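Got a structure open and some labels that need explaining? Let's take them one at a time.

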Amino acid sequence: MSFALMFAGLALGVLPEASGAQEAALRFGVLPLGGALESRQDWKPLLDDLGDALGRPVVAQSFTSYEGLRLAMQENRVDLAFVSGKLALEAVLQYGMTVLNQVVRPDGLPGYRSVLIVRKDGPIRDLDDVLNQPGKWRLGLGETQSMSGYVIPQLQLFSPRNIAIERHFPSELVDGHQGTALAVANGDVDVATNNTADLDRFRTHFPQEAARLKIIWESDLIPHGAIVMLLGFSDAMRDKVRTFLSGYGQSAGTRGDAERVVLSRLHGLAGLPPADNRMLLQVLRLEYQLAQRQAILGQWVSEQARQSRLARLAAEYEDQRQRLAPAP
């Protein structure tokens with residue numbers, strides 16, 4: 001994105017406060033795990049409490065795809081958003097947003113894992129069956145903005161083996177994690193990407209279908225998602241949001257118990273501790289590694305062209321790394 005477009009986006013982000021419309025609702029973008037209505041209902045208790053703390057309403061805007069939420073952030077149609085690491089990185093580097101909070105789950109791990117799932121009673125016995133029989137299996141995978149549904153399987157599974165997804169699999173179903181899990185369980189695809197966190201939720205909502213599934217591959221840990229907010233809001237407003245979210249579900253007593261129930265319904269969260277853009281450095285590194293590998297394996301008119309592309313990627317990576325973690 002050009003600097004002119006970026007500054008235009010920042011200017012748009014100033015409007016909610018600069019206009020003086022203090023009672024205007026803050027728009028909170030989320031990706032639904034199930035239906036859009038279910039997602040809005042899950043988020044409503046937390047957002048209502050946040051609105052009370054801020055003195056202005058906060059409303060959930062549910063998007064059916066990563067691309068829909070990405071476009072909404074690009075066009076400044078949301079003020080805050082709960083997003084994957086990849087979308088958070090785009091939001092910070094391109095759409096005039098900043099990280100406020102990160103995600104913590106009950107297991108205490110700093111991330112989750114991408115997985116490959118198949119039916120227990122299906123024809124695929126193990127990972128070798130998938131890798132060694134090109135053209136045979138139908139694949140379910142996430143959108144390109146999904147870390148666990150696309151980026152990590154590409155980076156850690158397919159690209160190192162020189163496997164091009166579009167050639168290896170005769171058909172692809174692109175959907176959310178719930179959709180791909182149901183597709184495998186119901187026999188609509190043979191194998192699909194997913195992740196450990198969303199599979200835990202899937203087991204709760206679809207126990208019969210989940211019982212048909214097995215995992216045949218797991219990735220390294222992937223950084224959890226984040227809450228991002230437009231830079232156009234004042235530091236005081238962002239601090240209020242960050243402080244409220246970091247304290248949500250952390251107190252003792254009846255109120256804390258009720259808040260913890262709310263968090264458990266939101267992707268099984270245990271808390272939203274404060275964070276900043278530095279949490280995205282690992283995501284940036286993973287993105288760079290994938291782009292670097294694709295450049296190495298790509299078709300080029302000359303070796304000089306390949307090396308030129310690699311040099312540009314390295315320069316862009318260093319520039320973005322410094323933007324996420326500026327030198328003191």
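Q: How do you know that strand β6 and strand β8 pair, and which way do they run?
A: This is a predicted model, so everything here is computed from it. Two strands pair if there are at least two bridges between them. Strand β6 (residues 138–141) and strand β8 (residues 191–195) are joined by two bridges, so they count as a pair. They run parallel, and Gly140 stands opposite Ala192 in β8.

Q: What makes β7 and β9 edge strands?
A: Each of them pairs on one side only. The open sheet has five strands in the order β7-β6-β8-β5-β9, with mixed pairing. β7 covers 171–174 and β9 covers 213–223. On average, neighbouring strands of this sheet are turned by 20 degrees against each other, direction ignored.

Q: How is helix α6 placed against β9?
A: Helix α6 (residues 147–158) runs at about 85 degrees to β9. Angles from 65 to 115 degrees count as roughly perpendicular, so that is the word for α6 and β9. The helix also lies across β5 (111–119), β6 and β8.

Q: Which side chains of strand β2 point to the buried face?
A: Val58, Ala60 and Ser62 do, while Val59 and Gln61 point to the other face and are not buried. That fits a general pattern: in a regular strand, side chains alternate between the two faces of the sheet. β2 runs parallel to strand β1 (residues 26–30), with five bridges joining them, and Val30 stands opposite Ser62.

Q: Why is α13 called roughly antiparallel to α14?
A: The axes of helix α13 (residues 281–297) and helix α14 (residues 303–324) cross at roughly 175 degrees. Angles over 145 degrees count as roughly antiparallel, so the label follows. The axes come within 10 Å. Among the residues making the contact are Leu284 and Tyr288 of α13, and Leu313 and Tyr317 of α14. The contact residues divide into 12 nonpolar, two polar and four charged.

Q: What makes helix α4 mostly covered?
A: Nine of the 10 residues in α4 (residues 85–94) are buried, and buried means under 20% relative accessible area. The buried ones include Lys86, Leu87 and Glu90. After α4 comes Gly96, whose phi is positive, near 65 degrees.

Q: Which residues touch the most other members of the largest nonpolar core?
A: They are Phe28, Trp43, Leu46, Met73, Val191, Val228 and Leu280, out of 85 residues in that core. Apart from it lies another core, of 12 residues, including Val184 and Leu213.

Key:
Residues numbered from 1 in each chain as written. Predicted model: local features only at pLDDT ≥ 70, side-chain atom pairs only at ≥ 80, totals over all residues. Heavy atoms only, no water. Buried < 20%, exposed > 50% of the residue type's maximum accessible area, 1.4 Å probe, protein only. Helix = DSSP H or I, 4+ residues; strand = E, 2+ residues; numbered from the N terminus. Axes fitted to C-alpha atoms, helices over the stretch in contact; angles between N-to-C directions. Contact = heavy atoms within 4.5 Å. Core = buried A, V, L, I, M, F, W, Y, C linked by side-chain atoms within 4.5 Å. Parallel < 35°, antiparallel > 145°, perpendicular 65-115°, else oblique. Nonpolar A, V, L, I, M, F, W, Y, C, P; charged D, E, K, R; others polar.
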